[in-house]
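Thanks for coming, everyone. I would like to walk you through one structure, going from single residues to a helix and then to a pocket.

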Amino acid sequence: MKQHYPFKNMPLPYGYGGLEPYIDEKTMMLHHDRHLQTYIDNLNKTLSSYPQYQDWTLEELIKNVGGMPYEIRDNVRNNAGGVYNHFFYFDEMRPKQMQKPMTSEMETGMKDRFGSFDGMKDELKKAALSVFGSGYAWLVTDRNGVLQVVTTKNQDNPLESGLCPVLNIDVWEHAYYLKHYNVRAAYIDDWFNVVDWGKISENYRNCG
Ligand code: MN3
């Protein structure tokens with residue numbers, strides 16, 4: 001996430017088929033090589049004539065998008081968000097054999113807020129199902145460092161609202177349509193098998 005203009009796609013840290021049978025190889029190829037690539041290309045194109053933003057990270061672009069010139073504001077929000085959200089999503093997933101467990105620090109935060117792991121999962125699933133159209137469900141920490149579940153539309157990002165991202169579930173249809181068709185709930189159930197809770201715990205720690 002330390003990248004700045006010109007942004008580059010990074011290879012997945014596992015094979016395209018590594019998340020089978022929960023997320024299929026073809027979805028992963030299209031999602032990473034085409035959908036994410038398009039956000040990267042569009043963000044680079046938008047920033048190409050704005051040198052004042054070319055050393056900004058994705059996080060800086062997203063947090064400050066409200067103050068940008070009107071003619072690029074929507075493009076930056078959609079495409080910096082699109083790049084950040086997908087880097088975040090692809091990096092929090094792992095094949096079963098590469099997954100690490102949740103840290104005790106995160107377990108404490110989770111139990112304080114949701115009572116149990118299942119309590120948190122249920123709330124995330126409910127939120128993911130509640131997104132109308134395209135968007136994300138997120139686990140974030142709020143300004144007091146407390147875990148919360150929120151949703152965003154399109155490629156919006158909670159950083160813009162002063163929240164710190166811990167986990168996201170991409171519920172755009174491109175994330176699941178080839179395998180799960182229109183059944184978002186089945187995708188979400190499958191998705192929970194490919195989350196690396198070790199990585200999520202790292203995100204939680206970085207939120208401070
Ligand atoms: Mn996506």
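Let me begin with Asn78, which counts as partly exposed at 32% relative accessibility, where buried means under 20% relative accessible area, exposed means over 50%, and partly exposed lies in between, with a 1.4 Å probe and protein chains only. Before going further, I should say that this is a predicted model, in which local features need pLDDT of at least 70 and side-chain atom pairs count only at pLDDT 80 or more, while totals for chains, interfaces and linings use all residues. Residues are numbered from 1 along each chain as its sequence is written, and side-chain values use heavy atoms, with hydrogens and water left out.

Asn78 lies in helix α3, helices being DSSP runs of H or I with at least four residues and strands runs of E with at least two, numbered from the N terminus. Not counting residues up to four places away in sequence, Asn78 touches Tyr39 and Gln155, contact meaning heavy atoms within 4.5 Å. Asn78 and Gln99 are 21 residues apart in sequence, and their C-alpha atoms are 30 Å apart in space.

Turning to helix α1, we find Thr46 there, buried with a relative accessible area of 9%. Its side chain reaches the backbone oxygen of Asn42 at 2.8 Å, which is a polar contact, that is, a pair of N or O atoms within 3.5 Å, one able to donate a hydrogen and the other to accept it, with residues adjacent in sequence counted only if both atoms are side-chain atoms. Setting aside neighbours within four places in sequence, Thr46 is in contact with Ile72, Asn75 and Val76. Asn44 also lies in α1 and counts as buried at 14% relative accessibility; beyond four places in sequence, Asn44 touches Tyr5, Pro6 and Phe7.

Now, which residues of helix α7, residues 184–191, are buried? They are Arg184, Tyr187, Ile188, Asp190 and Trp191. Seen down the axis of α7, these buried residues fall within an arc of 165°, so they line one face of the helix, the arc being that of the directions from the helix axis to the C-beta atoms. They pack against α3 (70–92), α5 (117–130), β3 (164–170) and α6 (177–180).

Finally, α1 (25–47), α2 (58–63), α3, β3 and α8 (197–207) each supply at least two residues of the lining of the largest pocket.
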